[in-house]
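Hi everyone, thanks for coming. Please have a look at the sequence and the structure on the screen, and then I'll walk you through a few places in it.

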Amino acid sequence: MRLAAVFLVGTLLFLLARGFLVPRSFGQYGHYRGNAIAEIAARPVAFAGHQTCETCHSDVLELKQKGRHARVNCEACHGALAKHAEDPVSVKPAKLQAAVLCARCHEANIAKPKQFPQVVPAEHSGGAACDMCHRPHSPALDSGKRK
Amino acid sequence: MNITRRRLLVLLPAAAIAWKHILAGTPEASPNYKLTEHWWGMLVDVTKCIGCGNCVRACQTENDVPDGYYRTWVERYHLEGWAFQNPKVDSPDGGKNGFPPGNQSGGKNFFVPKLCNHCVESPCTQVCPVGATFVTPDGVVLIDQKYCLGCRYCVQACPYGCRFIHPQKETAEKCTLCYHRITKGLTTACCESCPTGARQLADLKDPKDPIHEFLRTHSIQVLKPYMATNSKVFYNGLDGSVR
């Protein structure tokens, strides 16, 4: 009888301690805390996504679609701009340096795919800025007015 | 009902277990997001990668990755002649600032972007002693930062070297496949910023996802298939020298 009582008290204490120590969502989906999934998903985003940019900048989208940069997303060059998308008035995107950005992709490198357009900047333009001739949103030389 | 001591002894633990299950309900990640309707992976087209490092920088910005640590990185391979078992590989600062043109000529040269392979049979989740890392019902390997002890078992277990210990938090970190973005209907930061489309997020449960057509019509490889990790990062045009 006494042994059974000790066992009962022990079991209850164990369950009580377990109830306090193990989070409620542990084991919901597997051997982990189920709420962790929602917590990780709740993190704010830094890149707004091109769909968000295009809701306001449809003129740029139109221009881009005609050129070779049609599939280059806005934030590939302009950087993370979710804050600008949330508050377009007070958060303005930084001015971009064409020389750095263009070279990052188009500077010749033997490991780049052969069909990808590459130049040795010094030989190609003799030090002139890329956007003297090419417009970043539609880079072909004959594609009209600067944007 | 006449409850005897013996009956009470049986009932109490059962009631405790039942109560725990009642309490286990939790809201989903996003209101319209259903965990069971997705199975995430990624397509990496090596033939399109230009080594610009946009993905590495975007990942760092999106996920506050500390300097010198990488959730994704780009490697440059250089092979001379037929010596494909001895490639020369470099990845200066994870390829974050691109790759210097260098004076190498000849041989075979290409870039390989790498990230967590979000394995179905992930060795890293199997070794965790506290249940801090896991595969979600939608196929993403995540880390519960509140549960991780920083014991480093998972860092050693990953065959792809995708995990690190955060220098300040002292917990394991890795690519989350931008879980906070994909559950909101966005693509990952690396895919969003890749200028050539070398990376494509893929939902293997979505019959309309172009991944299915791509997998059917291309020669696809995963990294270290002999590890039988059932990786979900699919590489197109991957050279046999890549490890």
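Let me start with a word we'll need: contact means that heavy atoms lie within 4.5 Å. One more thing to keep in mind is that this is a predicted model.

So, with that word in hand, which residues does B:Ala202 touch, not counting residues up to four places away in sequence? They are B:Trp39, B:Trp40, B:Gly41, B:Met42, B:Asp209 and B:Ile211. You'll find B:Ala202 in strand β9 of chain B, which covers residues 199-203. Is B:Ala202 buried or exposed? Its relative accessibility is 1%, and buried means under 20%, so B:Ala202 counts as buried. If you'd like a distance to go with that, take B:Glu62: it is 140 residues away from B:Ala202 in sequence, and the two C-alpha atoms are 19 Å apart in space.

One of those neighbours, B:Trp39, has something else to show us. B:Lys232 lies over the face of the B:Trp39 ring, 4.9 Å from the ring centre.

Now let's zoom out to chain B as a whole. Its secondary structure comes to 7 helices and 11 strands. The chain has 243 residues, and buried ones make up 52% of them. Among the contacts in chain B with a separation of 6 or more, 64% are between residues 24 or more positions apart. As for the surface, chain B exposes about 11,600 Å², and carbon and sulfur atoms supply 56% of that.

On to the sheets. A quick reminder: strands of a sheet pair through backbone hydrogen bonds, either parallel or antiparallel.

The strand of B:Ala202, β9, belongs to an open sheet of 4 strands in chain B, with the order β9-β1-β11-β10 and mixed pairing. At its edges stand β9 and β10 (220-221), each pairing on one side only. β10(B) pairs with β11 (residues 233-236) of chain B in the antiparallel sense, over 2 bridges. Which residue in β11(B) is the bridge partner of B:Gln221? That is B:Tyr235.

There is also an open sheet of 3 strands in chain B, ordered β3-β2-β4, and here the pairing is antiparallel. Its edges are β3 (88-90) and β4 (108-115), and each has a single partner strand, so one side of each is left without a neighbour in the sheet. From one strand to the next, the twist averages 25 degrees. β2(B) and β4(B) run antiparallel and are joined by 8 bridges; across from B:Thr72 you can spot B:Leu115 in β4(B). Although β4(B) is an edge strand, this strand is mostly covered, with 7 of its 8 residues buried.

Last stop: the aromatic rings. How many aromatic pairs does a search of the whole structure find? Over all chains, the search gives 6. One of them is B:Tyr69 with B:Phe164, a tilted pair with 5.2 Å from centre to centre and 40 degrees between the planes. This pair links distant parts of the chain, 95 residues apart: B:Tyr69 sits in the loop between α2 (54-63) and β2 (72-79) of chain B, while B:Phe164 is in strand β7 (residues 164-165). The two rings' residues also differ in cover: B:Tyr69 is partly exposed, at 29% relative accessible area, whereas B:Phe164 is buried, at 8%.

And to finish, try finding this cluster on your own screen: A:Tyr29, A:Tyr32 and B:Phe134, linked by ring pairs. Thanks for listening!

Note on methods: Residues numbered from 1 in each chain as written. Chains lettered and ligands numbered in written order. Predicted model: local features only at pLDDT ≥ 70, side-chain atom pairs only at ≥ 80, totals over all residues. Heavy atoms only, no water. Phe/Tyr/Trp six-rings, centres within 6.5 Å; stacked < 30°, edge-to-face > 60°. Buried < 20%, exposed > 50% of the residue type's maximum accessible area, 1.4 Å probe, protein only. Lys NZ or Arg CZ within 6 Å of the ring centre and 35° of its normal. Areas by Shrake-Rupley, 256 points an atom, 1.4 Å probe, with all protein chains shown as cover. Pairing = 2+ DSSP bridges. Axes fitted to C-alpha atoms, helices over the stretch in contact; angles between N-to-C directions.
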